[in-house]
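The following exercises are to be worked with the sequence and the model side by side. Each task is followed by a solution in steps.

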Amino acid sequence: MDVTEIPAAIVTGATTARGIGRAIAVRLAENGHPVALLGRNPAAAHDYATKIADKYGVPALGLRCDVTDPASVDEAVGEASARLGLIGVLVNNAGTTDPSRFLDIGAATWGSVVDVSVVGTFNMMRRALPDMLSRNSGRIVNITSVSAQNGGGVFGGAHYAAAKSSVAGLTRAVSREFAHEGVTVNAVAPGLIDTDIRGEVDPALIAEVVSGIPVGRMGTAEEVAAVVAFLCGSEAGYITGATIDINGGLYLR
């Protein structure tokens, strides 16, 4: 990646108020990246993009995008590229979860969880890669989960674990294919992170999980964002195909 140029970045799943996607968008903006926040709530995306632009002095867009729909992805990435410049950074954060037990998972629920994480990541990479290849440089970071290693947990069941495992495998495969063209592809696997989704879970269950985390607390969205931002930077050019765990020691490879 050319260190004299700070490329435009796209972050999916960036419309949740206290979410990992927004924290990543903020950190990338702090580092000087023009940034597009993509999500299914265009009003929320636009509002926060405006705040980022005002605070950090970088161009920022909020765009509606359904990552499972190739036409929606094509429109959003096309607009981001036209208004911000060729896309050099892509963070695939969009995801959905469901705590159903295996025998309670219906086809529709399975499809919705898998499609957002796996099909969405595929669609976004496929659309953004041509910009990166034309620059002969690029950074892709896919958000997977500790669930890909431990088989599910507080927020997601077997379908979530399967989806996030697929994202990790897809990350490794694509990293091999494009490393020689200046594009790195890595994954970040958060554990229990203090975001808005925590409010949907019984506090007693959260406390039980925290009691088993060696560092003794939940992680923060900002801690995830710091690792993602490093992987998106010029100093991470020799890291590709990796999955970085951010789980406080909850799961050790």
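**Exercise 1. A pocket and its lining**

By class, the lining of the second largest pocket comprises 6 nonpolar, 2 polar and 6 charged residues. The model is a predicted one.

Task: Determine which residues lie closest to the centre of the second largest pocket, and which element gives the largest share of its lining.

Solution.
1. The volume of the second largest pocket is about 220 Å³.
2. Of its 14 lining residues, G19, R22, A23, A221 and E222 are the closest to the centre.
3. Two elements, α1 and α8 (221-231), give two or more residues to this lining.
4. The largest share comes from α1, with 5 residues.

**Exercise 2. Helix α1 and the nonpolar core**

Task: Establish how many residues of helix α1 are buried, and how many α1 gives to the largest nonpolar core.

Solution.
1. Helix α1 spans residues 20-30, and 9 of its 11 residues are buried.
2. These buried residues are I20, G21, R22, A23, I24, A25, V26, L28 and A29.
3. The largest nonpolar core has 30 residues, of which I24, L28, V35, I52, V91 and V228 touch the most other members.
4. Two or more residues of this core come from each of β1 (8-12), α1, β2 (35-39), α2 (42-56), β4 (87-92), β5 (138-143) and α8.
5. With 7 residues, α1 gives the most to this core.
6. Residues up to four places away in sequence being left out, L28 touches A9, V11, H33, V89, V91, A229 and C232.
7. Just after α1, G32 takes a positive phi of about 100°.

**Exercise 3. The surroundings of N186**

Task: Decide whether N186 is buried or exposed, and find which backbone nitrogens lie 3.2 Å and 3.0 Å from polar atoms of its side chain.

Solution.
1. N186 is located in strand β6 (residues 183-190).
2. Buried residues have under 20% relative accessible area. N186 has 0% relative accessibility and therefore counts as buried.
3. A polar atom of the N186 side chain lies 3.2 Å from the backbone nitrogen of G241.
4. For the backbone nitrogen of A242, the distance to a polar atom of the N186 side chain is 3.0 Å.
5. Once neighbours within four places in sequence are set aside, the contacts of N186 are I140, V141, N142, T171, L231, I239, T240, G241 and A242.

**Exercise 4. Two exposed residues**

Task: State why N136 and L252 count as exposed, and where each is placed.

Solution.
1. The cut-off for exposed is over 50% relative accessible area.
2. N136 has a relative accessible area of 51%, so this residue is exposed.
3. The loop between α4 (107-135) and β5 holds N136. Although N136 is not a glycine, its phi is positive, at about 60°.
4. L252 counts as exposed because its relative accessibility is 67%.
5. L252 is placed in the segment after β7 (243-246).
6. Between the C-alpha atoms of L252 and V91, which are 161 residues apart along the chain, the separation is 24 Å.
7. V91, by contrast, is among the residues of the largest nonpolar core that touch the most other members.

Technical notes. Residues are numbered from 1 along each chain as its sequence is written. This is a predicted model: local features need pLDDT of at least 70, side-chain atom pairs count only at pLDDT 80 or more; totals for chains, interfaces and linings use all residues. Side-chain values use heavy atoms; hydrogens and water are left out. Buried means under 20% relative accessible area, exposed over 50%, partly exposed in between (1.4 Å probe, protein chains only). Helices (H or I, at least four residues) and strands (E, at least two) are DSSP runs, numbered from the N terminus. On a 1 Å grid over the protein atoms alone, a cavity is a set of points where a 1.4 Å probe fits but cannot get out, and a pocket is an open set with protein on both sides within 12 Å along at least five of seven lines; lining residues have an atom within 4 Å of a point. Grid points are joined across faces, edges and corners, and a volume is the space filled by probe spheres set on the points. Ala, Val, Leu, Ile, Met, Phe, Trp, Tyr, Cys and Pro count as nonpolar, Asp, Glu, Lys and Arg as charged, and the others, Gly among them, as polar. A polar contact is a pair of N or O atoms within 3.5 Å; within protein, one must be able to donate a hydrogen and the other to accept it, and residues adjacent in sequence count only if both atoms are side-chain atoms. Contact means heavy atoms within 4.5 Å. A nonpolar core is a set of buried Ala, Val, Leu, Ile, Met, Phe, Trp, Tyr and Cys residues joined through side-chain atoms within 4.5 Å.
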